[in-house]
Amino acid sequence: MKEESADPTDPFRTARREGPVFECEFQGKSLPMILRHADVRSACKDWGTYSSDAPMRVPIPSEEDVRSVRQLPVEIDPPEHGDYRALVEPFFQRPKNNPEMIAKTGVLIEELLRDAAGKESVEVVRDFALPLQSRALTYMLKVPESEAETWIGWGTHVFRDGDDGSKKGATLDAYLNEAFDRAEGSDGSDFFSALSQSEFRGRKLTRDECLGFANLTFAGGRDTIINSVAYVIAYLARNPQAIEFLREDPKRIVHASEEFFRALTPLTNTARICPVETDVHGVSVPADERVALCWASANRDEDVFDAPEEVRLDRKPNPHIAFGFGTHLCLGAPQARLIVRTLLQKIIEKPYLLTFLDAVENVEHESRYERAVAYGTLHVAFS
C-alpha cells in the first residue's frame, strides 16, 4: 500500500513519524530504509556496521547489469577510502578554489540564459540543464569543451536514460577506455592523464581502478545536478517573488541554494551493506544484505527542520544531508553548489522574467512509495 501524502516529494512522512525504518522492496528484496535525520547521520559514521565496501550495490537499484567496475572512492571503506579520494580531490575541488573555472562557469551560464531569452520556450532539462552540467564538467576535468557534445548525447543519466542500461554501460566503458588509452604518456594535467599516472600506496593504479573513478564521475552526479538546475528554474518561474527576494540582498543566494538542495534532495537513497547479521532499529538484516539510507526522508525530518514542506530561502541553520554525510560526503558537491549559486546570481543580475509553461514530473515508482524528483520535461519562457 502506497502512502497517500499531500506532499509528493515526501512520501515517507507518515512512516517517519511511526518509526525509524520503513521496509520497501527493491529488485525482489526487502530493504529497511532508515528515515530519520539523526539515525541516517549516525549510520553514515558507522562504516563498520554499515559498509560501503560493496561493488555495484551502493546505488539503489544496484548496477551489476550496467557496469563491471567498483566506483571509487564511494564503494570502499576507510582507511582506503581516504587515500583513494585524495587522488581525485584536486579536480573535484576546482569549482571551489579555481578562479578560472569559476569565471568560465559564469560565462557559460550567461550564454545559456542569453540564448534562452531569445526563444519563446525552452525545454529546460535537455536544452539547458544537460548542456550546462556537461560543459561545466569539462572545465572541472580540464578536458576540451568539445567532449561535452558526446556526453550530452548520453542523456540525463549514463545508465538509466533509455531502455537498455547494459548497452549504455558498454558505451561508457568504451569511451572511458579510449580516453585512458589516449592519456598514456601525456602531461598529467587533465583528469584522465592524471589518473593514468597516479599511484595508490606505492603502486600504479590498475586500469579497473582508473575506470572506477571515471565511472563514478560520469554516472554518479549527472542527473542530480541536472535535476537540481531544473528544480531551481521551475521554482523561480512559479514564484517570481523569490527572484525579487534574492535581488534585494544577493548574499541570500548561499542560504537559498542550500534550501533548494534540501527541498529537492535529488538522490532519494543509497545503500550500505551489513557485513554481519545486524539489528537495524528492530529489523533483522542478514549478513551481506543491504540497508537504505533515505536522504529524502531525513531532509524532511520535523524534529530537525521547521515546516520542512516549505521552501524557505533564508532557512538557517540548515543541516541538510542532500550531499550525504561523513566520510562519503559527495565529491561533486562543490560543482553542484557552484552551478546553482552562479545560476541564481546571473538570473538576478539582469531583469529576467521566468514564466512557467508546462512540465512532466520525474516520478520514482517503487513498491511502497512514489516520489516526485524534479522534472522529465520542463518548458519555461525566459524574457
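1. In this predicted model, a useful starting point is valine 291, which touches Pro32, Ile34, Tyr50, Thr270, Ala271, Arg272, Cys274, Val280 and Val285 when residues up to four places away in sequence are not counted. Valine 291 lies in strand 9, and because its relative accessibility is 0%, valine 291 counts as buried. As a long-range reference, valine 291 and alanine 183 stand 108 residues apart in sequence, and their C-alpha atoms are 38 Å apart in space.

2. The setting of valine 291 follows from strand 9 itself, which spans residues 289-294 and is mostly covered, with 5 of its 6 residues buried. Strand 9 runs parallel to strand 2 (residues 29-34), to which it is joined by 2 bridges, and in this pairing methionine 33 stands opposite alanine 292 of strand 9. Strand 6 (residues 269-274) is joined to strand 9 by 6 bridges, and these two strands run antiparallel; here isoleucine 273 stands opposite arginine 290 of strand 9. As background, the strands of a sheet pair through backbone hydrogen bonds, either parallel or antiparallel.

3. Which residues have the most contacts inside the largest nonpolar core? That core has 91 residues, and the residues in question are Phe128, Phe191, Phe192, Phe218, Leu236 and Leu354. A second, separate core of 15 residues includes Cys44, Val280, Val285 and Trp295, and of these, Val280 and Val285 also appear among the contacts of valine 291. In soluble globular proteins, nonpolar side chains tend to be buried together.

4. Phenylalanine 128 deserves a separate remark, since its surroundings can be listed in full. With its neighbours within four places in sequence left aside, phenylalanine 128 is in contact with Leu112, Leu113, Val122, Glu123, Val229, Ile233 and Leu343. Glu123 is a charged entry in that list, and Val122 returns in the sheet described next, where its bridge partner is valine 380.

5. An open sheet of 3 strands has the order 3-11-10, and its pairing is antiparallel. Its edge strands are strand 3 (122-123) and strand 10 (354-365), each of which pairs on one side only. Strand 3 is joined to strand 11 by 2 bridges, with the two strands running antiparallel, and valine 122 has valine 380 as its bridge partner in strand 11.

6. The structure holds 2 cavities of 30 Å³ or more. In the largest cavity lies about 60 Å³ of space, and its lining consists of Glu110, Leu113, Arg114, Lys346, Glu349, Lys350 and Tyr352. Helix 5 (99-117) and helix 15 (333-349) are the elements that give two or more residues to this lining, with the largest share, 3 residues, coming from helix 5. By residue class, the lining of the largest cavity divides into 2 nonpolar, no polar and 5 charged residues, a composition that a colleague placing water or assigning protonation states may wish to have in view.7. The second largest cavity contains about 50 Å³ of space and is lined by Leu112, Asp115, Ala116, Lys119, Val122, Asp127 and Phe128. Helix 5 and helix 6 (124-141) each supply at least two residues of this lining, and helix 5 gives the most, with 3 residues. The lining of the second largest cavity divides into 4 nonpolar, no polar and 3 charged residues. Phe128, one of the lining residues here, is also among those with the most contacts inside the largest nonpolar core.

8. Turning to open space, the second largest pocket holds about 360 Å³ and is lined by 19 residues, of which Thr9, Tyr231, Arg238, Glu361 and Tyr375 lie nearest its centre. Which elements each supply at least two residues of this lining? They are helix 11 (222-238), helix 13 (253-264) and strand 11 (370-382), and the largest share, 4 residues, comes from helix 11. The lining of the second largest pocket divides into 11 nonpolar, 2 polar and 6 charged residues.

Key:
Residues numbered from 1 in each chain as written. Predicted model: local features only at pLDDT ≥ 70, side-chain atom pairs only at ≥ 80, totals over all residues. Heavy atoms only, no water. 1 Å grid on protein atoms, 1.4 Å probe; cavity = no way out; pocket = protein on both sides within 12 Å on 5 of 7 lines; lining within 4 Å. Points joined across faces, edges and corners; volume = space filled by probe spheres on them. Core = buried A, V, L, I, M, F, W, Y, C linked by side-chain atoms within 4.5 Å. Buried < 20%, exposed > 50% of the residue type's maximum accessible area, 1.4 Å probe, protein only. Contact = heavy atoms within 4.5 Å. Pairing = 2+ DSSP bridges.
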